Amino acid sequence: MDATQALSDLKEISSQIEAAVVLDADGSTIASTLDDERGRDFSQVVQELLAAVGRAAGNDEAKLAQAEIATEDGSVFLVRDEQRTIAATTGPEPTVGLVFYDLKSCLRSFAEEKPKPRAKKKKDEADGEA
Amino acid sequence: MARRKVMAGVALALGSLAGTVAFRRRSGRRRDRVDVYFEDGSMISLADGSAEASTVLPLARRALETTRS
């Protein structure tokens, strides 16, 4: 699924999510629900947040899978897989389990992205040769 | 006798009000926290006021401001 489409679907499914961004393993932005400037700023803060959460948690043996940073103004959610991180913001006191579920589903939709089939091309080539 | 009952009622009402205010303040403070879940299934919760959370919470507030500006 297209990254922008996946985030658009996420916002449609989860009314609690205000904004979301998907980052690659190297920290580059894959997709964002925000405009260019705010998307860049949000991605930057998310990277700082990931580093700060990692330092604060201080668990060297296990990798961080997900986090919720809750404040009176709202929450920031972080969910990671091997290759990507998705970050999202919500209002105060969100339904935590539901937001994590929606974010994981969104990340899975990236992971399940399949390459375009090549079989048809081979068949066309074979037809051309015949 | 009646005056004593009124005084007791007022004291009870004031006590309840003070308790409600204290509870709301406490639960409001408890709202700020960092919950971190690891791949091995373990989880830690860093409360507001701890040294660890104090580096994370301002960044989260900044993230929220950025998305809402």
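**View 1. Helix α2 of chain B, residues 51-68, in a predicted model**. Because a helix is expected to advance 1.5 Å a residue, the 18 residues of α2 of chain B should span 26 Å, and the 27 Å that separates its end C-alpha atoms agrees with this. Buried positions in α2(B) include B:A53, B:V56, B:L57, B:L59 and B:A60, and further along the helix B:A63, B:L64, B:T66 and B:T67 are buried as well.

**View 2. The side of chain B that touches chain A**. Here 28 residues of chain B are in contact with 30 residues of chain A. On the chain B side, the elements that give two or more residues are β1 (33-38), β2 (43-47) and α2, and of these α2(B) gives the most, with 13 residues. By residue type, this side of chain B divides into 13 nonpolar, six polar and nine charged residues.

**View 3. Strand pairing between the two chains, β3 of chain A with β1 of chain B**. Strand β3 of chain A, which covers residues 64-71, runs antiparallel to β1(B), and six bridges join the two strands. One of the residue pairs to look for is A:Q66 with its bridge partner in β1(B), B:Y37.

**View 4. The elements of chain A**. Chain A has four helices and five strands, and from the N terminus on these elements follow the order α-β-β-α-β-β-β-α-α. Of the 130 residues of this chain, 37% count as buried. Among the contacts in chain A with a separation of 6 or more, 45% are accounted for by residues 24 or more positions apart.

Note on methods:
Residues numbered from 1 in each chain as written. Chains lettered and ligands numbered in written order. Predicted model: local features only at pLDDT ≥ 70, side-chain atom pairs only at ≥ 80, totals over all residues. Expected span 1.5 Å × (residues − 1). Buried ≥ 20, exposed ≤ 12 C-beta atoms within 10 Å, placed from the backbone. Contact = placed C-beta atoms within 7 Å. Nonpolar A, V, L, I, M, F, W, Y, C, P; charged D, E, K, R; others polar. Pairing = 2+ DSSP bridges.
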